[in-house]
Amino acid sequence: MANVTLDGKNYDTDSLSNEAKATVSSLQFVQSEIQRANANIAILKTAESAYVNSLKKELEESES
């Protein structure tokens with residue numbers, strides 16, 4: 001017996017219609033993809049910071 005919580009209310013997924021179960025499955029997929037996208041954004045922001053720091057170092061060295 002699995003539960004899903006929506007707006008603070010718990011629902012037993014076994015008692016949901018097939019359409020509602022499919023919607024829950026789609027929602028879980030989308031939430032998973034959002035988490036994956038956020039992880040990728042964090043990786044890209046880290047890379048961006050590294051590139052900015054590298055560029056700053058190169059520019060400072062070329063001014064010397």
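This section describes the strand pairing, the helix, the salt bridge and the surface patches of a predicted model.

The N-terminal part of the description concerns two strands. Strand S1 spans residues 3-6 and strand S2 spans residues 9-12, and the two pair in the antiparallel sense over four bridges. At one end of this pairing register, Asn-3 has Asp-12 in S2 as its bridge partner. Leu-6, in turn, is matched with Lys-9 of S2. In a regular strand, side chains alternate between the two faces of the sheet.

S1 and S2 together form a hairpin, with two residues between the strands. Asp-7 is located in the loop that joins S1 to S2, and Gly-8 is found in that loop as well. The backbone of Asp-7 adopts a positive phi of about 55°, although Asp-7 is not a glycine. With a relative accessible area of 80%, Asp-7 is exposed, the limit for this class being over 50%. Gly-8 likewise counts as exposed, at 70% relative accessibility. The distance from this loop to a position further along the chain was also computed: the C-alpha atoms of Gly-8 and Ile-41 are 29 Å apart in space, with a sequence separation of 33 residues.

The remaining features involve helix H1, which comprises residues 18-63. By the rule applied, the count of salt bridges comes to one. This contact joins the side chains of Glu-33 and Arg-36, with an N to O distance of 2.8 Å. Because Glu-33 and Arg-36 are three residues apart in helix H1, about one helical turn separates them. Both partners were assessed for accessibility. Glu-33 is partly exposed, its relative accessible area being 28%. Arg-36 also counts as partly exposed, at 48% relative accessibility. The value for Glu-33 is 28%, and it therefore falls between the limits of 20% for buried and 50% for exposed residues.

A nonpolar surface patch of about 300 Å² is made by Phe-29, Val-30 and Ile-34. Of these residues, Val-30 was examined individually. Val-30 lies in helix H1 and is partly exposed, with a relative accessible area of 43%. Patch membership requires over 30% relative accessible area, so Val-30, at 43%, meets that requirement.

A second patch, negative in character, is formed by Glu-58, Glu-60, Glu-61 and Glu-63. Glu-58 belongs to helix H1. The relative accessible area of Glu-58 is 47%, and this residue is accordingly classed as partly exposed. The accessibility requirement for a patch is over 30%, and the 47% computed for Glu-58 therefore satisfies it.

Ala-50 is also found in helix H1. Ala-50 is partly exposed, with a relative accessible area of 43%. The C-alpha atom of Ala-50 is separated by 21 Å from that of Ser-64, and these two residues are 14 positions apart along the chain.

In summary, the model contains an antiparallel hairpin of S1 and S2 with Asp-7 in its turn, a salt bridge between Glu-33 and Arg-36, a nonpolar patch that includes Val-30 and a negative patch that includes Glu-58.

Terms used:
Residues numbered from 1 in each chain as written. Heavy atoms only, no water. Patch = residues over 30% accessible without salt bridge, like charges linked within 9 Å, V, L, I, M, F, W, Y side chains within 5 Å. Areas by Shrake-Rupley, 256 points an atom, 1.4 Å probe, with all protein chains shown as cover. Salt bridge = Lys/Arg side-chain N within 4 Å of Asp/Glu carboxyl O. Lys, Arg positive; Asp, Glu negative; His and termini not counted. Charge placed at Lys NZ, Arg CZ, Asp CG, Glu CD. Buried < 20%, exposed > 50% of the residue type's maximum accessible area, 1.4 Å probe, protein only. Pairing = 2+ DSSP bridges.
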